Amino acid sequence: RFELKYFYYNRFQNEDEEDDNYNTYGQQDGHYADNAGNDEDEASSDATEGHDDEDEIYEGEYQGVPAHSDGKHRDGQVALGQPVSDSLKSRKELENERQADEEELAQQYELIMQECGHGRFQWQLFFVLGLALMSDGVEVFVVGFVLPSAETDMCVPNSGAGWLGSIVYLGMMFGAFFWGGLSDKLGRKQCLLISMSVNGFFAFLSSFVQGYSMFLVCRMVSGFGIGGAVPIVFSYFAEVLAREKRGEHLSWLCMFWMIGGIYASAMAWAIIPHYGWSFSMGSAYQFHSWRVFVVVCALPCVSAVVALTFMPESPRFFLEVGKHDEAWMVLKHIHDTNMRARGEPERVFTVNRIKIPKQLDELVEMQNESANPVLKVLFKIKTELRGIWLTFMKCFNYPVRDNTIKLAVVWFTLSYYGLSVWFPDVIKHLQADEYASRVKLHNSEHIEDFTFNFTLENQIHRNGVFLNDRFISMKFKAVTFIDSSFINCYFEDVSSVGSFFKNCTFVDSFFYNTDIDDAKLTNSRVINSSFHHNKTGCQMTFDDDYSAYWVYFVNFLGTLAVLPGNIVSALLMDKIGRLSMLGGSMVLSGISCFFLWFGTSESMMIFMLCLYNGLSISAWNSLDVVTAELYPTDRRGTGFGFCNAMCKLAAVLGNLIFGSLVGITKAIPILMASTVLVGGGLVGLRLPDTRANVLM
């Protein structure tokens with residue numbers, strides 16, 4: 001048996017309704033109508049009048065919610081002129097009725113949000129959700145800033161380098177799909193709270209673990225948590241905005257992602273190179289400054305969790321799942337909050353009728369109450385996962401199937417991270433080429449009985465002979481010895497950063513407190529030589545890395561360049577349309593990406609990075625708005641999560657493909673990024689225009 005429940009909304013009352021129809025279910029309009037002579041209806045009507053700004057709504061006090069009938073015939077029979085019982089209808093008929101209810105609710109809800117107005121409540125939620133979106137931006141940038149230091153600090157071999165970036169995006173990909181789908185089952189606020197808590201806890205924990213494997217696990221789970229931020233945040237905020245405000249204010253919300261990037265860049269610039277902030281407990285536990293940076297970057301997430309606890313659930317979600325009383329109270333709270341902020345506390349919330357969609361029962365196998373508690377938990381998890389999958393499959397049903405496929409293509413192409421992922425590597429390769437051009441060559445040198453107690457940097461020594469020499473309290477930085485001999489030499493307190501001994505011979509030499517090991521002795525022979533108290537751990541390089549501050553500053557500039565494009569897109573979103581902005585921005589971004597082919601200097605590449613970021617942000621903003629508006633409420637989180645998962649999949653592929661090619665040639669990555677951007681923009685133009693849509 002199904003029930004059709006309603007709130008009453010006076011804008012839809014018909015003053016000319018006949019008295020003899022007041023207590024019957026009208027087959028034509030599908031509504032319960034008010035009875036002027038009904039005491040219950042009169043009481044509920046009076047409950048909506050005479051409010052002042054001191055009124056409070058308590059649980060169980062449903063003001064303006066009249067008693068409703070279940071429409072069931074007492075004899076259990078279908079009476080003439082009465083609606084057919086739900087138990088006698090097919091599943092398809094019930095789904096068609098729900099679809100009709102959804103369409104009517106969408107129109108009513110738009111009018112309700114217009115009555116609630118846009119004010120203090122929306123701005124409060126704007127900043128709370130902005131903190132969550134800021135955390136997502138921070139998470140993306142943390143990967144790039146932490147990667148060099150973490151891999152060096154944890155002695156990661158070349159075979160393991162780069163896994164950090166890929167595994168974080170992999171966690172975000174699964175998180176976007178899971179949390180987005182779960183938000184359609186459990187609610188926006190609850191899922192966002194849980195996902196952000198998971199992110200904050202494991203991000204904080206990752207700063208203390210020592211092994212690289214555990215660090216990867218923590219960052220992957222942290223990414224899994226933050227993966228739910230984007231799909232839930234935009235779904236949540238879109239559901240408390242009226243149509244004329246939705247495009248502009250969702251675009252303003254996108255600015256917090258940029259703020260997260262600026263925050264991460266500034267904190268990396270201020271913290272990571274300062275190794276005086278580090279401490280250690282013996283050789284087993286090291287806490288370098290990059291770990292302090294990881295802790296600081298978890299603060300926006302913690303702040304978002306605390307602030308989110310004071311916000312209500314989305315009223316549109318409550319209506320979708322049939323929780324009419326809860327939805328009404330949230331809507332009244334929104335109305336009263338905005339009216340008090342306007343200085344109009346006497347304004348009464350006049351809504352007293354809202355269409356509730358028909359709730360369709362799902363066949364669920366019941367678990368025995370005496371079953372093992374562990375089995376109950378597993379059954380609950382299985383049920384929720386099955387529900388997420390079924391909702392996901394509904395995204396490929398008519399009429400949203402074509403939109404889902406097009407959106408997935410656009411998200412993948414725009415989010416291919418063509419420049420964002422590998423651009424820092426391009427800068428590093430340019431710097432490395434310049435650095436290599438200044439290398440000093442030493443051929444066939446013969447040095448005898450000499451003490452080296454200074455730094456040797458960016459040098460190549462070929463066919464050298466070092467006899468009775470002493471290397472004490474010094475550093476080799478980017479120094480390579482090739483086919484050289486070290487006879488009766490003494491090495492003490494030596495660090496070798498990026499330095500190698502290739503085809504060298506060590507005879508009667510002594511090593512004490514050095515980091516020279518087998519990994520740095522390539523095809524070299526060690527004859528009658530000994531190593532004592534070798535240094536453990538990896539030597540951090542950013543304290544004297546000439547490019548450290550420069551890399552952070554470049555990322556800071558690239559993120560800051562988003563600001564003008566963000567402002568322009570927010571102001572023009574509702575004027576020129578979502579699709580025009582989406583397609584135009586992606587095509588222009590592809591063209592700007594193509595001109596990187598002609599960049600030969602750092603300054604040119606940095607300028608093109610800023611131009612690309614400024615142009616592409618309009619596409620990001622419009623894509624977020626279109627995705628939130630195209631999906632019905634019952635699958636909005638699921639559809640958005642799937643599209644965002646495609647974005648993260650593109651990031652993983654971008655790491656693998658561009659990372660392997662950028663050191664060989666920049667032509668292939670540039671052509672690939674440019675082509676997919678232009679192609680995605682053309683697909684985006686084929687999406688339906690949502691500017692005039694109400695939220696289904």
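**Exercise 1. Place Cys 191 in the fold: which helix holds it, is it buried or exposed, and what does it touch?**

Solution. Start with the element: Cys 191 sits in helix H5, which covers residues 188–206. Keep in mind as you go that this is a predicted model.

Next, check the accessibility. Cys 191 has a relative accessible area of 0%, and the cut-off for buried is under 20%, so Cys 191 is buried.

Now look at who surrounds it. Leaving aside residues up to four places away in sequence, Cys 191 touches Trp 179, Leu 182, Ser 183, Leu 186 and Ile 232. Pick Trp 179 from that list: it lies 12 residues from Cys 191 along the chain, and the two C-alpha atoms are 6.5 Å apart.

**Exercise 2. Describe how H5 packs against helix H10: what are the angle, the handedness and the residues involved?**

Solution. First, what do we need? Two packed helices are described by the angle between their axes and the distance between the axes.

Step one, the numbers: the axes of H5 and H10 (residues 299–308) come within 9 Å and cross at roughly 150°.

Step two, the orientation. Anything over 145 degrees counts as roughly antiparallel, and therefore H5 and H10 get that label.

Step three, the handedness: this crossing is left-handed.

Step four, the residues. H5 brings Lys 189, Leu 192, Leu 193, Met 196, Ser 197, Asn 199 and Gly 200, and these meet Cys 301, Ala 304, Val 305 and Leu 308 of H10. Sorted by class, the H5–H10 contact comes out at seven nonpolar, three polar and one charged.

**Exercise 3. Run the same analysis on helices H18 and H21: how do they cross, and which residues meet?**

Solution. H18 spans residues 578–594 and H21 spans 667–684; their axes come within 8 Å and cross at roughly 165°. With that angle, H18 and H21 are therefore roughly antiparallel. As for the hand, H18 passes H21 in a left-handed crossing.

Then list the contact. From H18 you get Leu 579, Leu 582, Gly 583, Met 586, Val 587, Ser 589, Gly 590, Cys 593 and Phe 594. Across from them, H21 supplies Ile 670, Leu 671, Ala 673, Ser 674, Leu 677, Val 678, Gly 680, Gly 681 and Gly 684. By class that makes 11 nonpolar and seven polar residues, with no charged ones.

**Exercise 4. Work out the order of the five-stranded open sheet, and say which strands stand at its edges.**

Solution. A reminder before tracing: strands of a sheet pair through backbone hydrogen bonds, either parallel or antiparallel.

Reading across, the order is S6-S9-S11-S14-S17, and the pairing is parallel. The edges are S6 (446–448) and S17 (525–527); each has a single partner strand, so one side of each has no neighbour in the sheet. If you ignore direction, neighbouring strands here are turned by 5° against each other on average.

Zoom in on the S17 end. S14 (residues 505–507) runs parallel to S17, and three bridges join them. One pairing to find on screen is Phe 506 with its bridge partner Val 526 in S17.

**Exercise 5. Trace the pairing from strand S12 through S15 to S18: how many bridges does each pair have?**

Solution. Begin with S12 (residues 490–497) and S15 (residues 510–514): they pair in the parallel sense over four bridges. As a marker, Val 494 has Thr 514 in S15 as its bridge partner.

Move on to S15 and S18 (residues 530–532), which are also parallel and pair over three bridges. The marker here is Phe 510, whose bridge partner in S18 is Ser 530.

**Exercise 6. Compare two asparagines, Asn 488 and Asn 528: where are they, and what is the sign of phi in each?**

Solution. Asn 488 is in the loop between S11 (485–487) and S12, while Asn 528 is in the loop between S17 and S18.

Check phi next. Asn 488 has a positive phi of about 55° despite not being a glycine, and for Asn 528 phi is near 50°, positive too.

Finish with accessibility. Asn 488 counts as partly exposed at 42%, whereas Asn 528 is exposed at 62%.

**Exercise 7. Step back: how many helices and strands does the protein have, and what share of its residues is buried?**

Solution. The count is 21 helices and 18 strands. Of the 696 residues, 50% are buried. For contacts with a separation of 6 or more, residues 24 or more positions apart account for 68%.

Notes
Residues numbered from 1 in each chain as written. Predicted model: local features only at pLDDT ≥ 70, side-chain atom pairs only at ≥ 80, totals over all residues. Heavy atoms only, no water. Axes fitted to C-alpha atoms, helices over the stretch in contact; angles between N-to-C directions. Parallel < 35°, antiparallel > 145°, perpendicular 65-115°, else oblique. Left-handed = near helix turned anticlockwise from the far one by under 90°. Contact = heavy atoms within 4.5 Å. Nonpolar A, V, L, I, M, F, W, Y, C, P; charged D, E, K, R; others polar. Pairing = 2+ DSSP bridges. Buried < 20%, exposed > 50% of the residue type's maximum accessible area, 1.4 Å probe, protein only.
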